[in-house]
Amino acid sequence: MNTVTTLHPMSRALPSRPLGPMRSPARALGWFSIGLGLAELAMPRTVARAAAMPNLPRLTRAYGLREIGTGIGILTSKDPSPWLWGRVAGDALDIATVGAGIFSQRRPARTLASIAMLLGVAYLDLKVAEGAPPAKKMAKRSLRDYSARSGFPKSAAEMRGVALRPSERLTSTVEPRQGFG
Amino acid sequence: MKALCWHGKHDIRYETVPDPVIEHPRDAIIKTTCCAICGSDLHFYDGFVPGMKSGDIVGHEFMGEVVEVGAENTKLRVGDRVVVPFTICCGDCDQCRRGNWSVCERTNRKKDLGDLMFGHTTAGLFGYTHLTGGYAGGQAEYVRVPYADVAPVKIPDGLTDEQVLFLGDIFPTGWQAAAQCDIQPTDTVAVWGAGPVGQFAIRSAVMLGAEQVVCIDNVPERLDMARAGGAITIDFDSESVLERLQELTAGKGPDKCIDAVGMESHSLRSIDSMIDRVKQSVMIESDRPHVLREMMYVCRPAGVLSVPGVYGGLVDKIPFGAVMNKGLTIKTGQTHVKRWTDDLLQRIADGQIDPSFVITHTVGLEDGPDMYKTFRDKEDGCIKVVMKP
């Protein structure tokens with residue numbers, strides 16, 4: 001970007017806020033979790049069939065609740081890393097569940113494909129979990145110091161109620177009241 | 001000329017477009033010297049504003065020099081330096097005569113759409129949706145100003161562009177938000193959102209004599225700026241807003257509450273916010289009204305809720321029982337900018353306030369598309385972007 005950014009003279013740069021490089025992917029995983037969880041709750045048989053899981057609607061719904069809980073945890077907690085590791089653990093459970101059916105399923109190729117997909121998701125979860133900094137490293141700091149930017153010529157306490165007092169002229173930049181408009 | 005044009009969600013382009021021309025004898029053409037990105041511009045940037053068309057010139061905070069004047073315009077002359085309010089008003093209709101400038105009955109040239117969407121049309125707005133007239137906006141080298149003999153504010157020498165630019169929107173918006181609270185000397189005023197409008201609402205509440213002003217946000221540098229303006233701050237990421245407000249008001253709740261956030265509340269700390277996100281994503285709710293709900297719940301009985309934040313359509317699960325039983329008053333609306341500009345210009349000239357405090361980034365117009373993203377993501381400490389074509 002060919003930006004000639006002029007910062008206000010009252011700005012003082014401070015070190016960058018350590019938001020963590022994995023913040024956005026983590027949020028995406030949070031929403032993915034909620035979406036998948038809702039699908040598992042609403043259409044357990046369809047999801048089980050698509051993922052080559054055993055056709056056990058109660059189990060699939062329980063997994064759906066797990067996904068929703070994890071997703072909400074990722075999106076709402078100050079430190080999403082435990083929830084991201086929770087997703088990794090959930091992936092292991094999913095792989096075990098699908099893998100258990102490999103010998104009983106009529107179409108083992110489909111089961112293998114499902115396991116491969118789950119391994120891919122698990123790899124992604126693992127990478128995001130590894131990249132998410134723990135909460136204490138994510139403590140928020142100001143990017144810039146705006147503590148001198150009151151906009152007032154005096155302290156805020158002294159400016160309290162200034163608009164209620166008859167015309168109070170504090171500087172002499174231009175001619176007073178008449179003539180504008 | 002060059003201008004910033006909307007082409008879809010997250011797609012603002014710096015383009016060459018035809019120069020504006022005088023279309024009506026009351027018009028004027030302004031050569032823009034300064035314009036800004038407003039928080040409400042982010043609503044169409046994020047795809048939440050219906051009625052946008054590809055190629056629309058955006059922006060409604062701008063000022064400049066008059067370069068051409070229509071034959072019937074007796075107010076302006078070539079060379080005048082003016083700030084142009086974002087609401088276009090005719091000055092003649094019943095609402096304009098009552099001082100309700102933002103609901104002018106004549107300036108929305110797509111009145112049918114306004115009627116359909118809101119029941120009755122509102123005023124035309126620069127650089128926004130076709131529901132409000134589809135007028136070309138001010139993030140451009142030149143702008144056609146309709147009814148230019150009514151609202152534009154002539155600026156005297158001695159004041160810089162940066163001092164007066166915000167008379168066109170965010171300063172009067174923050175001021176109106178506070179003024180319509182009818183602030184009393186013992187009042188606690190709580191302001192949700194420490195963006196540009198929130199910052200002006202804080203300072204306006206201080207100037208109008210509030211005993212205590214509290215600001216709620218989660219962006220550290222914005223909270224810094226809010227404290228500089230005289231507010232006590234609550235970081236909703238690390239504190240309970242309800243508990244802190246109760247504590248600061250001895251359990252009574254704030255007397256006056258200002259929503260300077262609007263339809264895109266970013267809180268994700270509550271179940272209602274999560275549900276709003278999900279509903280919005282499947283298009284069964286257009287706005288995310290977490291702040292409205294929180295204000296209705298926490299406000300002191302007989303208090304006032306002032307809503308300068310923009311809402312566009314439908315909101316769900318509003319605790320209206322709290323509003324009714326506590327006897328709350330709701331005041332809202334697009335800003336009647338012209339109602340306040342003369343007084344606020346004088347306050348700037350008198351040195352009571354220098355609105356340039358809010359500017360954090362000044363760039364060329366060509367950098368506008370990138371700055372939309374920087375502003376939206378609150379990157380680089382960005383609070384207010386000013387562009388110079």
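Me: What makes a stretch of chain A a helix or a strand here?
Reply: Helices are DSSP runs of H or I with at least four residues, strands are runs of E with at least two, and both are numbered from the N terminus. By that rule chain A comes to 6 helices and 0 strands, in the order α-α-α-α-α-α from the N terminus on. Mind that this is a predicted model, where local features need pLDDT of at least 70, side-chain atom pairs count only at pLDDT 80 or more, and totals for chains, interfaces and linings use all residues. Residues are numbered from 1 along each chain as its sequence is written, chains are lettered from A and ligands numbered from 1 in the order written, and side-chain values use heavy atoms, leaving out hydrogens and water.

Me: How do you know how confident the predictor is about chain A?
Reply: From pLDDT, the predictor's confidence in each residue, from 0 to 100. Chain A has a mean of 75, and 69% of its residues reach 70 or more. Among its elements, helix α5 (residues 108-131) of chain A has the lowest mean, 83, and helix α6 (residues 156-159) of chain A the highest, 96.

Me: What about residues 1-21 of chain A?
Reply: There the pLDDT is below 50, though the model gives this stretch 56 contacts beyond near neighbours in sequence; a contact means heavy atoms within 4.5 Å. Residues 172-181 of chain A also stay under 50, with 24 contacts beyond four places in sequence. Where pLDDT is low, the predicted coordinates should not be read in detail.

Me: Why is B:Ile330 called partly exposed?
Reply: Buried means under 20% relative accessible area and exposed over 50%, with partly exposed in between (1.4 Å probe, protein chains only). B:Ile330 has 38% relative accessibility, so it counts as partly exposed. This residue lies in strand β16 (residues 329-332) of chain B.

Me: And how much of chain A is buried?
Reply: Of its 181 residues, 37% count as buried.

Me: What makes β2 and β4 of chain B edge strands?
Reply: They belong to an open sheet of 3 strands, ordered β2-β1-β4 (chain B), with antiparallel pairing. β2 (12-16) and β4 (56-57) of chain B each have a single partner strand, so one side of each lacks a neighbour in the sheet.

Me: How do you know that β1 and β4 of chain B pair?
Reply: Two strands pair if DSSP finds at least two bridges between them. Strand β1 (residues 2-6) of chain B and β4(B) have 2 bridges, in the antiparallel sense, and the bridge partner of B:Trp6 in β4(B) is B:Asp56.
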